[in-house]
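Here is a friendly note for anyone opening this entry for the first time. Please keep the 3D view open while you read, and take the points in order.

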Amino acid sequence: MSKTRDKGIIAYGTEEDRKKLAVLADTYRVSGSELIIKMVREKFEQLFGNSSI
């Protein structure tokens, strides 16, 4: 695990959350930030379609 992923963008997450994010990011071969943004976009589209804010 890289040191960058150990800190990540989860400001209020626990150390365990950051480790889980790092594992998922490594699995998908993206950064933790990229994975979170991808998930946000997918969930937003599921709820609201392709509309933009």
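1. Let us begin with one side chain and its surroundings. Leaving aside residues up to four places away in sequence, Phe44 touches Gly49, Ser51 and Ile53. Phe44 itself sits in helix H3. Please bear in mind from here on that this is a predicted model.

2. Now for the overall plan. The protein has three helices and zero strands, and along the sequence this reads as α-α-α. How many of the 53 residues count as buried? The share is 13% of the 53 residues.

3. Back to Phe44, which has a ring partner. The count of aromatic pairs comes to one. That pair joins Phe44 and Phe48, with 4.8 Å from centre to centre and 45 degrees between the planes. Why is the pair called tilted? Planes under 30 degrees apart would be stacked and those over 60 edge-to-face, so the 45 degrees of Phe44 and Phe48 fall into the remaining class, tilted.

4. The two rings also share a helix. Phe44 and Phe48 both belong to helix H3, which covers residues 32-48, and they are four residues apart, about one turn of the helix. A general point helps here: an α-helix has 3.6 residues a turn, so residues three or four places apart point the same way. Are the two side chains buried or exposed? Phe44 counts as partly exposed because its relative accessibility is 26%, while Phe48 counts as exposed because its value is 51%, and the cut-off for exposed is over 50%.

5. Next, look at helix H3 as a whole. H3 has 17 residues and spans 24 Å from its first C-alpha to its last, close to the 24 Å expected at 1.5 Å a residue. Just after H3 comes Gly49, with a positive phi of about 75 degrees. You have met Gly49 already, as one of the residues that Phe44 touches.

6. Charged side chains deserve a look too. How many salt bridges does a search of the whole structure find? The search finds three. One of them lies in H3: Glu42 pairs with Lys38, and their closest N and O atoms are 2.3 Å apart. Glu42 and Lys38 are four residues apart in H3, about one turn of the helix. Glu42 counts as partly exposed at 38% relative accessibility, and Lys38 is also partly exposed, at 44%.

7. Helix H2 has salt bridges of its own to show. Arg18 and Glu15 meet through their side chains at 3.2 Å, N to O. These two are about one helical turn from each other because they are three residues apart in H2, which covers residues 15-28. Arg18 is buried, with a relative accessible area of 18%, whereas Glu15 is partly exposed at 38%.

8. The other salt bridge in H2 joins the side chains of Glu16 and Lys20, at 3.2 Å, N to O. Glu16 and Lys20 are four residues apart in H2, so about one helical turn separates them. Lys20 is partly exposed, with a relative accessible area of 48%.

9. How do the two helices meet? H2 and H3 pack at an angle of about 85 degrees, and their axes are 9 Å apart. Angles of 65 to 115 degrees count as roughly perpendicular, so H2 and H3 are described that way. At the contact, Leu21, Leu24, Ala25 and Tyr28 of H2 meet Gly32, Leu35 and Ile36 of H3.

10. Ala22 is another residue of H2 to pick out. Ala22 counts as buried because its relative accessibility is 1%. Its C-alpha atom is separated by 6.2 Å from that of Gly32, a residue 10 positions away along the chain. Gly32 is also among the H3 residues that meet H2.

11. Finally, please check the loop between H2 and H3, where Arg29 is found. As a general rule, most residues other than glycine have a negative phi. Arg29 is not a glycine, yet its phi is positive, about 60 degrees. Is Arg29 buried or exposed? Arg29 counts as exposed because its relative accessibility is 77%.

Note on methods
Residues numbered from 1 in each chain as written. Predicted model: local features only at pLDDT ≥ 70, side-chain atom pairs only at ≥ 80, totals over all residues. Heavy atoms only, no water. Phe/Tyr/Trp six-rings, centres within 6.5 Å; stacked < 30°, edge-to-face > 60°. Buried < 20%, exposed > 50% of the residue type's maximum accessible area, 1.4 Å probe, protein only. Salt bridge = Lys/Arg side-chain N within 4 Å of Asp/Glu carboxyl O. Expected span 1.5 Å × (residues − 1). Axes fitted to C-alpha atoms, helices over the stretch in contact; angles between N-to-C directions. Parallel < 35°, antiparallel > 145°, perpendicular 65-115°, else oblique. Contact = heavy atoms within 4.5 Å.
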